[in-house]
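Let's take a friendly walk through this chain, beginning with its interior and ending with a few individual residues. Keep the viewer open as you read.

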Amino acid sequence: MPRILVVSVGGSCEPVVNACREIRPDFIYFFCSGGAKGSSLTVDGLGEPCGDKKKAIARQLGLQPDAYRKTEVADPDDLNACYRAVREVSAEITARFGPDAEVVANYTGGTKTMSVALALFAIIEGNWSLTLNKGPRRDLVKVRAGDMPVLVGKQAVALTLLRHQAKEFLKRYAYDMADAVLAQATVDQPLSRSYQDELLRARRLCQAFHSWDVFDHARALELLQVTGGKRCAPFIEALLDISGKGRATGYEQVVDLIFNAHRRAAQGRYDDCVARLYRALEMLAQVRLQKQWGIETGNVEVAKLPEPLRTPYSRLTDADGRIRLPLRKAYDLLAELGDPVGRLWQESQGPLVAALEGRNNSILAHGVQPLHRENYETYATVIEGFIRQALETLGVKTRCRQLLREELLEM
C-alpha cells in the first residue's frame, strides 16, 4: 500500500524537509502558494530559495520529478480556494494510487488558512492521518530546529462534526441517515473506548427508532432493551404496550400511527402523513368493534349482530362469502350498535367525510393530486381531533409517546 504525504509549505523549509524524512512517503504533494513570492519556489526553485545557503526542498531531499507534485493556490488566505485545492489533491490520489492508499497530512507549514484547510479536509472528508511538527522553542516565533512530525489526535473534532451532521438528520426524524453518518466514525477509524461506547449507543438508538418508525416494533424493542438505561425505559414501556403486552389498552397502535404521521409531516411528506391518519381512523373503528362487540371488520359474523341488523348486513356478503366493512361502514355499524364512538361519528360525520373525500384525491389513495401542507393541516385537525375525542370518551389513556429527535444523542 503506497504512503502518500500531503504537506503544506510556507516560508520555512526545514519543517517540511524534516516531515518528509521522518514520514518517508512514496509520493509527496506539496501544497503551496503560487506567484512570484509564493512558497512554490521553495519546493524546486533555482538557487537557494530556502535561505541560509540552502537549496530547494526537492533538492535537499534528492527527489526526482516523478516523486512529487506541487498544488498551488493563488490566494493562500482564501479558505474556500485552499479547501478546493486539497479536495482536488484527494481526488487525484484516489485516481492514481487507489482508494486504499495511506495518506498522511502535515499542516506545519503554509499560511494559517492553508493549514486550516488541510487539517479540516483530513478530519471531515479524508480518512487521512494528521501530523504536526513539534520541537524545542527558543522564542514565540517558531521552532528553529530539531522539529519532528507527530500524530495529531483528531477524534474529538471529527466526532463533533459528525454529531452536528447527525443532529440535522435527527431534526427530521431521519434515523437511518443519522446512523449512516455516525457509522463513518465507528467503521472508518479506531476509537478510544469512551468514544466507541458513546457512538455505538447512539447508533443502536438510531437503529431502534428507525425500526419503530417503519413499524418493526419487535426489532425496536429488542434494540432498546439491549441498549438499556433510565431514559430508554419509557420507550420500552410504550413498545411493550404497542405489542399487546405491558399495560396495553388495545388502542396503542392507533395513537402510534398519529405520532408516525407527525414525523412524516416534519419531513414534508404530507401524502404519507394523511395516509397514516386515515389508517389510524380506520383502525380505531376496527379495534372498537373487536374489543367491545367481538366483531371483525374483515369477516363479520352475522350471528354476533343484533337481530334487526342481521338481514341488512347479510346482503353485504361478497363473492368469497365474507362480509367486509370499509371505514365508513364500520363506523355506521358502531352507530347502529349504539356505541359511544358511533354516536360521536354521527355528530362529526360532516367534516370527517369531507376530509376523507379530500384524502381520496391523494396520489397515495385513489387520485393523482399531491397533498400540500395546507391539505395536511386541514385533514389532520379533523381526523386527529376525532380520534383523540373518541379515546377521551372511552376513557382510554396510553403510554405512547413521540420519538426523540436530536435529544437521542444525549440518551
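## The nonpolar cores

In this predicted model, the largest nonpolar core has 81 residues, and the members that touch the most others are F209, W212, L224, Y331, F386 and I387. Helix α12 supplies the largest share of this core, with 12 residues. There is also a second, separate core, made of 26 residues, with V73, I93, A105 and A119 among them. As general background, nonpolar side chains in soluble globular proteins tend to be buried together.

W212 is a good residue to centre your view on. Setting aside its neighbours within four places in sequence, W212 is in contact with H217, A220, L224, F235, A238, L239, I242, D256, R263 and L403. One of these partners, L224, appears with W212 in the list of core residues that touch the most other members.

## The chain as a whole

Stepping back, the chain is built with 16 helices and six strands. It has 411 residues, and 46% of them count as buried. The accessible surface adds up to about 20700 Å², and carbon and sulfur atoms hold 49% of that area.

How much of the contact network links residues 24 or more positions apart? Among contacts with a separation of 6 or more, such pairs account for 63%.

## Where α12 meets α14

Helix α12 spans residues 270-293 and helix α14 spans residues 327-336; their axes come within 10 Å and cross at roughly 35°. The crossing of α12 past α14 is left-handed. On the α12 side the contact is made by Y278, L281, E282, L284, A285, R288, L289 and W293, while α14 brings L327, A330, Y331, L333 and L334.

What is the chemical character of this contact? Its residues divide into 11 nonpolar and two charged, with no polar ones. Y331, on the α14 side of the contact, is also one of the residues that touch the most other members of the largest core. On spacing along a helix, a general point helps: an α-helix has 3.6 residues a turn, so residues three or four places apart point the same way.

## Helix α1 and the turn after it

Helix α1 is mostly covered, with seven of its 10 residues buried. Those seven are P15, V16, V17, N18, A19, C20 and I23. P15 lies in this helix, which covers residues 14-23, and P15 counts as buried because its relative accessibility is 13%, under the 20% cut-off. In space, P15 and T108 are 7.0 Å apart from C-alpha to C-alpha, although 93 residues separate them in sequence.

C20, another α1 residue, is buried at 5% relative accessibility. Leaving out residues up to four places away in sequence, C20 touches L5, P25, I28, F30 and L61. Its C-alpha is 8.5 Å from that of V7, which is 13 residues away in sequence.

Just after α1 comes R24, with a positive phi of about 50°. R24 sits in the loop between α1 and β2 (27-33). Is R24 buried or exposed? R24 counts as exposed because its relative accessibility is 67%, over the 50% cut-off.

## Three more residues to visit

F215 also has a positive phi, near 70°, in a residue other than glycine. You will find F215 in the loop between α8 (193-213) and α9 (217-227). At 36% relative accessibility, F215 counts as partly exposed.

G45 is in the loop between α2 (40-44) and α3 (57-61), and is buried with a relative accessible area of 11%. Apart from residues up to four places away in sequence, G45 touches A56 and R59. The C-alpha atoms of G45 and R59 are separated by 9.3 Å, and the two residues are 14 apart along the chain.

Finally, look at R264 in helix α11 (residues 252-266). Why does this arginine count as buried? R264 is buried because its relative accessible area is 2%, under the 20% limit. With residues up to four places away in sequence not counted, R264 touches D213, R269, D272, C273 and R276.

Definitions and conventions. Residues numbered from 1 in each chain as written. Predicted model: local features only at pLDDT ≥ 70, side-chain atom pairs only at ≥ 80, totals over all residues. Heavy atoms only, no water. Axes fitted to C-alpha atoms, helices over the stretch in contact; angles between N-to-C directions. Helix = DSSP H or I, 4+ residues; strand = E, 2+ residues; numbered from the N terminus. Left-handed = near helix turned anticlockwise from the far one by under 90°. Contact = heavy atoms within 4.5 Å. Nonpolar A, V, L, I, M, F, W, Y, C, P; charged D, E, K, R; others polar. Buried < 20%, exposed > 50% of the residue type's maximum accessible area, 1.4 Å probe, protein only. Areas by Shrake-Rupley, 256 points an atom, 1.4 Å probe, with all protein chains shown as cover. Core = buried A, V, L, I, M, F, W, Y, C linked by side-chain atoms within 4.5 Å.
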